[in-house]
Amino acid sequence: MTVTVHPAAALAGTPALPADKSVSHRAALFAALADGESEIVGFSDAADPHSTLACLRGLGVEIEEREDVLGPDGVPSLFVQGRGLDGLRAPASALDCGNSGTTMRLLAGLLAGRPFESTLVGDASLTPRPMGRIARPLGQMGARIDMTDGHAPLVVRGGSLSGITYRLPVASAQVKSAVLLAGLSASGTTTVVEPVATRDHTERMLELDVMEVGGERHVSVPGGHAVRARQWVVPRDVSAAAFFLVAGSIAEMATIQLNGVGLNPTRSGVLDVLRAMGADIRISNERDRGGEPLGDLRVEAPGGLVGVEIGGAIVPNLIDEIPVLAVAAACAEGRTVIRDAEELRVKETDRIEATADVLRAMGADVEERPDGLVIEGGRPLKGAEVDARHDHRIAMAAAVAALVADGPTTIHGAEAAAISFPAFWDALGSVAAGSVEEPA
Ligand SMILES: O=C(O)C1=C[C@@H](OP(=O)(O)O)[C@@H](O)[C@H](O)C1
Ligand SMILES: C=C(OP(=O)(O)O)C(=O)O
């Protein structure tokens, strides 16, 4: 799908945001492992969390979307009939993880301790992504995982596992979560040591022990740790809100309200960086839902941003927001340096290269580095023809840049937005009237 986005001088409105993707995946997986029925209020309607549901159904888990039980945002609740870890059945065919790295890596962890064989496959973007990072620790625990040159298809031959202490060689919440999920069915205790903190939804949602030792986080799960059947409430996705936070911060005039957004500190680095750049973002109505903090955000046009340095421990807390933060940087006065973000090279596409290509096509001054980008901000952006490379975050970041460009921007591969934000183009149109031209 090709979408054309025209510039918009004034942005206003309250766009509807999708449910948090990371929390949705986990709520479905944990509900499947619990004994009894769990309700997930506000489950994501995006493609990736639905890949997790499809895989769970392939393992014999009954999941029903109830149109008659609506959450506060009018989203139908999901009811999952958990049958305990031992209730999962050997799949009759390969489990299709679609475009979702989170599905493949967390599921591999879950299946590592099951006494059957499963094959995990993905689409053309997921297949080349690195899976040795989970196969290594899961192998140390006693599972056998066969891959093709370190990537999917994965053949997981589960078995009896032993707990390990594993120090993460890459800052990855997916690897951490895969090891902890395997730890649920291992003998003894499994501990993941994180030199740099990554998103902590798994340990919050499973109520695991976390210790701070010499500046590192130690997250532990005892084998046999019970997962409770319960109601989960999913916040709105801060990673989706980020597109509107940047749009409102680079626009000439803007007032955008974003309600019920998850504000977990291991996810909200984008707020800190935008504020350091001079953005005007106010948080109100801060509250807690099922262990995850959330709040309402209001962004107004600040009348100019300045460049910043982004690197070190904050990077995992905003890793998915870097493409759109690069758009903010291109519109800011001065230089922005993004470092320590080499993980972007192994996402849905090489996001360092893809972001640089889109911004350069639009007239920005961008230098690619192995682990990030250097952006000399302040050059006027011009409309261009760009390719999202089947990557949702690149498609949406390009659309935000298009709002402040001179002339229309044509975005090929715009359908990718549905991976995390199916209603993105409508939401964008709702704050920038007449700007978004979708095919009939
Ligand atoms: O655990 C998660 O839900 C995620 C972790 C991050 O990936 P890594 O663990 O590969 O850093 C992130 O990029 C991804 O969108 C979701
Ligand atoms: C990297 C992402 O997701 P995943 O790793 O689950 O494919 C993302 O949503 O930006």
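**Exercise 1. Is Arg393 buried or exposed?**

Solution. This is a predicted model.
Step 1. Count the neighbours: Arg393 has 29 other C-beta atoms within 10 Å.
Step 2. Apply the cut-off: a residue is buried if 20 or more other C-beta atoms lie within 10 Å of its own.
Step 3. Conclude: Arg393 is buried.
Step 4. Place the residue. Arg393 lies in helix H11, residues 392-402. Leaving aside neighbours within four places in sequence, Arg393 is in contact with Asp320, Pro323 and Arg351. The unreviewed UniProt entry includes Arg393 and Arg351 in its "binding site" annotation.

**Exercise 2. Describe the overall build of the protein and judge how compact it is.**

Solution.
Step 1. Take the secondary structure: the protein has 12 helices and 26 strands.
Step 2. Compare radii. The radius of gyration is 21 Å, close to the 22 Å that the globule rule gives for 440 residues, so the protein is as compact as a globular protein of that length.
Step 3. Add the extent: along the principal axes, the C-alpha atoms fill a box of roughly 60 × 50 × 40 Å.
Step 4. Check burial: 54% of the 440 residues count as buried.
Step 5. Look at contact range. Among contacts with a separation of 6 or more, 75% join residues 24 or more positions apart.

**Exercise 3. Split the protein into domains and characterise their contact.**

Solution.
Step 1. Set the bounds: domain 1 is 2-18 + 235-437, and domain 2 is 21-221.
Step 2. Take the spacing: the domain centres, over C-alpha atoms, are separated by 28 Å.
Step 3. Count the contact residues: 21 residues of domain 1 are in contact with 20 residues of domain 2.
Step 4. Sort the domain 1 side by class. The side that touches domain 2 has 9 nonpolar, 7 polar and 5 charged residues.

**Exercise 4. Work out where ligand 1 lies relative to the two domains.**

Solution.
Step 1. List the shell: Ser22, Gly101, Thr102, Ser172, Ala173, Gln174, Ser177, Arg199, Ile319, Asp320 and Glu343 surround ligand 1.
Step 2. Assign to domains. Domain 1 and domain 2 both give residues to this shell, so ligand 1 lies between them.
Step 3. Assign to helices. H3 (101-111) and H5 (173-183) each supply at least two shell residues. The largest share, 3 residues, comes from H5.
Step 4. Sort by class: the shell divides into 2 nonpolar, 6 polar and 3 charged residues.

**Exercise 5. Examine helix H5 and its residue Gln174.**

Solution.
Step 1. Test the helix. In H5, 11 of the 11 residues are buried, so the helix is largely enclosed by the rest of the structure.
Step 2. Test the residue: Gln174 is buried, with 23 other C-beta atoms within 10 Å.
Step 3. Find its partners. Not counting residues up to four places away in sequence, Gln174 touches Gly101, Thr102, Arg105 and Leu106.
Step 4. Consult the record: the UniProt "binding site" annotation of the unreviewed entry includes Gln174 and Gly101.

**Exercise 6. Which residues surround ligand 2, and how do they divide by class?**

Solution.
Step 1. List the shell: Asp48, Ser100, Gly101, Thr102, Asp320, Lys347, Glu348, Arg393 and Ser420.
Step 2. Sort by class: no nonpolar, 4 polar and 5 charged residues.
Step 3. Assign to domains: domain 1 and domain 2 each give at least three residues to the shell around ligand 2.
Step 4. Cross-check with ligand 1. Gly101, Thr102 and Asp320 appear in the shell of ligand 2 and also around ligand 1.

Notes
Residues numbered from 1 in each chain as written. Chains lettered and ligands numbered in written order. Predicted model: local features only at pLDDT ≥ 70, side-chain atom pairs only at ≥ 80, totals over all residues. Near = placed C-beta within 6 Å. Helix = DSSP H or I, 4+ residues; strand = E, 2+ residues; numbered from the N terminus. Nonpolar A, V, L, I, M, F, W, Y, C, P; charged D, E, K, R; others polar. Domains from an automatic or database assignment. Rg over C-alpha atoms; globule rule 2.2 N^0.38 Å. Buried ≥ 20, exposed ≤ 12 C-beta atoms within 10 Å, placed from the backbone. Contact = placed C-beta atoms within 7 Å. UniProt positions renumbered as here; feature names shortened; annotations may be inferred.
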